[in-house]
Every structure is written in C-alpha cells, then in structure tokens.
Amino acid sequence: LEEESKQAQEQFQEISSRWSQISKMNDPLNIHNECEAQRQRCTELLKQKNNMIKVLKEDLEKCDEKYREDMENQNEDVNLLISRIEHQMKLLRKAYWYNLDLLQHAIHVEFKEFLEAKQKLWNRLFTKRNKLEQKTVEEKIETRKLYDEQLHELRLSYENEFRQKKIEYENQIQKLELELEQLKPNCLQLKLAFEYNFTLVQKRVEENMYNHSQQKRRNNKLNDLVMVLRQKAKQTREKSERDVKKLKDEIAKLNSKTLKIENISKQLYQ
C-alpha cells in the first residue's frame, strides 16, 4: 500500500507539473495532444486507485469475515467458560452448604456444652449463695440478739441515771426555792431603793432640763448680741475704710496742689 501510494503521488505530481508546461504552449494541436495525454494519465491514475479500492474492499470483507468467525469462536469460548464457572459455582455452593451444616452442628454442640458447664457453675454458685445467705441470716439474728441485750442494758442504765438526775435536780430546785424565798425581802428593799433613786434621778433630769433651757436662752441672747456687735463692727470698718479712702483722695489732691504751687513759685523766682 505504501509503495502504491508513493507511485500514485509521483504520478499526480507529474500530471500537475505537466499543466504548467501545457500552459506555456502556443500550438493548439500540441495543447490538444498534451491534454489527451494528461487525460490518459488521469484515467490510468483513477484506474489504479479504483483497483486499489477494490483490493482494499476485498481485504476488508475478508477481515470482516475473519472478525465474525473470531467473534463466533470467542462466543463459544465464553459460553464454555460460563458453563464451567456455573458448574464450579454449583460445586462451591454444595461445599459451602456442607461446611455450613458442619459449622452449625459444631456450634450447636459447643453451645450445648457451654450451657451445661454454665448451668453446673450456676448451680454451684447458687448453692454457695444460699449457704452464705443462711449464714448471714444466722449472724444477723445473733447480732440482733446481742444488740437487743445491749439496748436493754443501756435502757436500764439510762433509767437509773435518769432517776438519780431527777432526784438531784429536785433537791437543787428545793434549794433554789429556799434561796428565792430568802432573797424576796432583799429584792423588795432593793426595789424600793431603786424607785426612790429613780425618783431622785428623774427630778435631777427635770432640773437639768430646766437649767439647760435657761442656759440655751442665755446663749441665744448672747448670740444675738454678738451678731449685733459684729454688724456694728462691720459697719464701723466699712465707714473707716470709706473715711480712709476719702482722706487719701484729699491728701492726693493736696499733694497735687502743693506741687503746682511749688512749680509756680519756682517759675516766679526764676
């Protein structure tokens, strides 16, 4: 194909180059002859191309036929492979179910043995627990009896102690009542003395209040007098300041007049 393509390309280039030569010719006969020769060359080139196309079509048909045959063979091989795979799958499925049955049977046996072992262990633990509970109950009963005895002894002890304390407190109450009876006359005397002293203190408070009010009146009068004196002092100070200012102004005026007179006298003497 490459050789044929190369030859066809050379022929095409030769035909193309001939056209430039023909265009330079002036003789119509030569031009006609050359055109006929060119047409002959083109016809031969087309014939070669058609032959090549025919050969390629035949090769293509052969390839298609071979492809169909290969596809049929491949389909047969695939179908054979699928049938073999299905057969293998059936065998594997049977083996799987067989092994699964064996595994389930083994699990069932092991589970049964496990349950029996755990049941025996549970029975032993339950028996042990019952014994411990019975022992604990007996110990609690003994402890309860001991506590009841100790509680009874404590109750008796507390009752005896309560009786003793009651007798002791009753004796103390009697003593305190006697002391209270003895203190009542003293309390009465103290009450009378307190009332007398309270009366005296109340009178003194009233006298102090009266004296305080008198003193307050005197203080108010003195404060009023002080205010009046302060007002007078303020007025006197203000008047003195005005007088001093007035005198200063008069002195300034006199000084000014004196200076003027001195100036006039100096001018006269000159």
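Is glutamate 65 buried, partly exposed or exposed, and what is the relative accessibility of glutamate 65? In this predicted model, glutamate 65 counts as partly exposed, at 37% relative accessibility. The report below places this residue in its setting, beginning with the protein as a whole.

**Overall architecture**

The protein contains 2 helices and 0 strands. Helix H2 covers residues 28-269. Of the 270 residues in the protein, 3% are buried. The accessible surface amounts to about 25800 Å², and carbon and sulfur atoms account for 57% of that surface.

**Salt bridges**

Side chains of opposite charge can pair when their charged atoms come close. In this model the count of salt bridges is 3. The table gives each pair with its N to O distance.

| Residue pair | N to O distance | Citation |
|---|---|---|
| Arginine 68 and glutamate 65 | 2.4 Å | salt bridge |
| Aspartate 70 and lysine 66 | 3.3 Å | salt bridge |
| Glutamate 133 and arginine 129 | 2.7 Å | salt bridge |

Glutamate 65 has arginine 68 as its salt-bridge partner. The two residues lie 3 residues apart in helix H2, so about one helical turn separates them. Arginine 68 is partly exposed, its relative accessible area being 44%, and glutamate 65 is likewise partly exposed, at 37%.

Aspartate 70 and lysine 66 are joined through their side chains. Their positions in helix H2 are 4 residues apart, which means that about one helical turn lies between them. Aspartate 70 counts as partly exposed, with 36% relative accessibility.

The remaining pair is formed by glutamate 133 and arginine 129. These residues are also in helix H2, and because they are 4 residues apart, they are separated by about one helical turn. Glutamate 133 is partly exposed, with a relative accessible area of 33%. Arginine 129 is partly exposed as well, with a value of 48%.

**Surface patches**

Which residues gather in a patch of negative charge on the surface? The members are Glu58, Asp59, Glu61 and Asp64. Glutamate 61 lies in helix H2. Its relative accessible area is 55%, so glutamate 61 is classed as exposed, the cut-off for that class being over 50%.

A nonpolar patch is also present on the surface, formed by Leu81, Ile85, Met89 and Leu92. Together these side chains contribute about 390 Å² of accessible area. Isoleucine 85 belongs to helix H2. With a relative accessible area of 44%, isoleucine 85 is partly exposed.

**Summary**

Helix H2 holds the paired residues arginine 68 and glutamate 65, aspartate 70 and lysine 66, and glutamate 133 and arginine 129. Helix H2 also carries glutamate 61, a member of the negative patch, and isoleucine 85, a member of the nonpolar patch.

How values were computed:
Residues are numbered from 1 along each chain as its sequence is written. This is a predicted model: local features need pLDDT of at least 70, side-chain atom pairs count only at pLDDT 80 or more; totals for chains, interfaces and linings use all residues. Side-chain values use heavy atoms; hydrogens and water are left out. Patches are made of residues with over 30% relative accessible area and no salt bridge: like charges are joined within 9 Å, nonpolar side chains (Val, Leu, Ile, Met, Phe, Trp, Tyr) within 5 Å. Accessible areas come from the Shrake-Rupley method with a 1.4 Å probe; for residues, only the protein chains shown count as cover. A salt bridge is a side-chain nitrogen of Lys or Arg within 4 Å of a carboxyl oxygen of Asp or Glu. Lys and Arg count as positive and Asp and Glu as negative; His and the chain ends are not counted. The place of a charge is taken as NZ of Lys, CZ of Arg, CG of Asp or CD of Glu. Buried means under 20% relative accessible area, exposed over 50%, partly exposed in between (1.4 Å probe, protein chains only).
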